[in-house]
Amino acid sequence: MTHEPSPSPGAGPAVIARAMVRRFGATAALDGLSFELARGELLGLVGPDGAGKTTAIRALAGLLALDGGEAQVLGADPLSGANRERLGLMPQQYSLYRDLTVEENLHFFARLYVLPRAVYRERKERLLAITRLDRFTDRRADALSGGMYKKLALACALLHQPEVLLLDEPTNGVDPVSRRELWALLHEFVHGGMTVLVSTPYMDEAERCSRVALVHRGRALLDGEPGALIARFEDEAYEVHGGDRERLDAALAAHPAVLAASPAGARLRVVIARGARDEVARAVAPLGAGLEPTHPDFEDLFLARIREAA
Amino acid sequence: MTPATATAAPTVEARELTRRFGAFLAVDRVSFEVERGEIFGYLGANGAGKSTTIRMLTGLLAPTSGAGRVAGHDLATEPEGVKASIGYMSQKFSLYLDLPVRENLIFFGGAYGLWGKALERRADEVLALADLGDAGDAITGDLPGGVRQRLALASAILQRPQVLFLDEPTAGVDPVARRTFWRVIRDLAREGTTVFVTTHYLDEAEYCRRIGLMVDGKLVALDTPAGLKARWVPERLLVARGRDLARAVERARDLPGVKNVMRFGAALHLRVEPGALSEQDAAAALRAGGASEVVVEAAEPTLEDVFLAVVGAGGRGEEGSP
């Protein structure tokens, strides 16, 4: 057995995805996807359903081989299994034993990673409190609601405090209070040096990443710090004041310059292609409404870019 | 209690509905009424009792005590009548992944007693209603998540239900596909279908006419979105945007008159006692705390502010870490 020096912390990126290609039959799930994560970085992977986010995470976790390009985690090919105990993965579905209770699942993962008993006990208490699963420790995994199951899976993936954590939509079905608590926890781990790659359909979560990659049809459309991406966003966001939201929505749905419409309280929020403000204002005026500029957010950007790329 | 319109009996009625699992009280004396054609949102934390309530109202689970009626049928004495008048989309996808989309609908339509030309016609109708017009021949397992959820919805409306129960229908669905999904729901409601829906996306809950909020098995709030905001977030709401706001959270929390500071994406929401803190003072404090490019504006609360106030983070000061 040869002994290679383990890379010193801070040397090189923790995760490298270089022009990754993966085909399933005739469709290319990954079609040249590239991104990198420095150590201690939190990268959000966002994109429409079917964009290739899950395939990318599976490739980086060493669960599937690429047809082209390269994946690297902590300096090694993930397929080699060299860094398995330094890597944590929370897949989108079915990572727990259905017939074990909440407590038994946690205990199983603690034994798998050979955690000392005192460390296990302390982390378990903390993770159970944060996920609010402490009332449900005796409940079997298959009797948990979708959101509670997700929280338990995340707790199991965090138990051994991996250096690199891959999370595939960890907060689907998780309620807004627990979602905030889980993100506070992620930030705490990142602050302590953990590198995290997370895919999410929640754009408010994307805003909380240090960097975001917007994936569409197997490639990255955009990659950058979310605040900077929003600052560079060239379309315009408005709230529609006055008029009836449903009637306005129906009237604007087919308007070519309206890139996105969302409810904002009782009002409608729209993203309008740059320079088309007056045209849209004329369209809503007969309905008794006008446009007020508002701050674009990452969801506006997502909706506009995906609409353009379609 | 009489519904405001007084035109007809409520489509869904729960009276002191209660369900116990051993020592665990999952649903605790819950009462409400839902009118015909209403989109009724049922919100709460994971484990609050939302799915258990739905399972009782769909006739899948017997209440421990209390009563309910759905589409005029009593839950206890006419469960078959209940089942024949409703559509139910559960959190688990129950269609065959290896079948083409349209064949799945034909199969499930058969299970509802539809057949022949009428079934073929209805399958095409629901494909169009769910905005799946060109997906009929696709293999179900190949569909992206958002499209798959619309197929589950299509199958739930095959038998023209009076009441549609949707249990987190958009969990994990991307923002574009969520908008398409809700367009379909609003179309169905406009045509008279009563929709009972749970979700953790509180922006889309704004489409509900009324919302019930569950905490630990109890229905603690029930009102229109505007009514909930007035009652549960009576303070002034300031929204702060800028860079490095996370650094200034603690300082903002310690300001006089600030009841609570919550993160909303990259922004902060400050709940402030009326007259206590101006936008300018809040911005200055955040800058002093290490944030930059700070803009603070008063705004209307969102339903997520309401949820956080009701469900509990409100009283605890929330997140300590950046």
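**Notebook: a look through chains A and B**

I started with a turn in chain B: β1(B) and β2(B) make a hairpin with two residues between them, and Gly22(B) in that turn has a positive phi of about 60 degrees. I kept in mind that this is a predicted model. Then I looked at how the two strands pair. β1 covers residues 12–21 of chain B and β2 covers residues 24–34; they run antiparallel and are joined by seven bridges. I picked Ala14(B) to follow across, and its bridge partner in β2(B) is Phe32(B).

**Positive phi away from glycine**

Next I looked for odd backbone angles in chain B. Most residues other than glycine have a negative phi. Ala71(B) goes the other way, with a phi near 50 degrees. I found Ala71(B) in the loop between β4 (65–70) and β5 (73–74) of chain B. Is Ala71(B) buried or exposed? Neither label fits: Ala71(B) has 19 other C-beta atoms within 10 Å, so it counts as partly exposed, given that buried starts at 20.

Asp216(B) was my second case, a residue other than glycine with a positive phi, near 45 degrees. It sits in the loop between β9 (210–215) and β10 (218–223) of chain B. I noted 16 other C-beta atoms within 10 Å of Asp216(B), so this one is partly exposed too.

**Where the chains meet**

I turned to the contact between the chains. On the chain B side there are 40 residues, and they touch 38 residues of chain A. Which elements of chain B each supply at least two residues? My list reads α5 (145–156), α6 (175–190), β11 (236–243), β12 (258–264) and α10 (303–311), every one of chain B. α10(B) gives the most, with four residues. I also sorted this side of chain B by residue type and got 17 nonpolar, 12 polar and 11 charged.

**Two domains in chain A**

For chain A, I checked the domain assignment, which gives domain 1 as 15–229 and domain 2 as 233–309. Their C-alpha centres are 34 Å apart. The contact between them uses 11 residues of domain 1 and nine residues of domain 2 of chain A. On the domain 1 side, I found two or more residues coming from each of α6 (203–206), β8 (211–216), β9 (219–224) and α7 (226–231) of chain A. That side of domain 1 of chain A is made up of nine nonpolar residues, one polar and one charged.

**The sheet in chain A**

I traced an open sheet of six strands in chain A, in the order β5-β6-β7-β3-β8-β9, with mixed pairing. Its edge strands are β5 (87–90) and β9 of chain A, each pairing on one side only. From one strand to the next, the twist averages 15 degrees. I then zoomed in on one pair: β3 (residues 42–46) of chain A and β8(A) are parallel, with four bridges. Gly44(A) has Val212(A) in β8(A) as its bridge partner.

What packs on this sheet? I found helix α10 (residues 298–309) of chain A there, touching β3, β8 and β9 of chain A, and its direction makes about 30 degrees with that of β8(A). I checked the length of α10(A) as well: its 12 residues should span 16 Å at 1.5 Å a residue, and the end C-alpha atoms are indeed 16 Å apart. Nine of the 12 residues of α10(A) are buried, so the rest of the structure largely encloses this helix. Among the buried ones I noted Phe298(A), Glu299(A), Asp300(A) and Arg305(A).

**Helix α4 and a buried lysine**

My last stop was helix α4 (residues 146–158) of chain A. It has 13 residues and reaches 19 Å from first C-alpha to last, close to the expected 18 Å. Why do I call α4(A) largely enclosed by the rest of the structure? Because 13 of its 13 residues are buried.

Lys150(A) is in this helix, and I counted 28 other C-beta atoms within 10 Å, so Lys150(A) is buried. Leaving aside neighbours within four places in sequence, I found Lys150(A) in contact with Pro170(A), Thr171(A), Asn172(A), Gly173(A) and Val174(A). I also looked up how Lys150(A) relates to Arg282(A): they are 132 residues apart in sequence and 47 Å apart in space, C-alpha to C-alpha.

How values were computed:
Residues are numbered from 1 along each chain as its sequence is written. Chains are lettered from A and ligands numbered from 1 in the order in which they are written. This is a predicted model: local features need pLDDT of at least 70, side-chain atom pairs count only at pLDDT 80 or more; totals for chains, interfaces and linings use all residues. The expected span of a helix is 1.5 Å times one less than its number of residues. Two residues are in contact if their C-beta atoms, placed from the backbone, lie within 7 Å. Ala, Val, Leu, Ile, Met, Phe, Trp, Tyr, Cys and Pro count as nonpolar, Asp, Glu, Lys and Arg as charged, and the others, Gly among them, as polar. Two strands pair if DSSP finds at least two bridges between them. Domain bounds come from an automatic or database domain assignment. Axes are lines fitted to C-alpha atoms, for helices over the stretch in contact, and angles run from 0 to 180 degrees between N-to-C directions.
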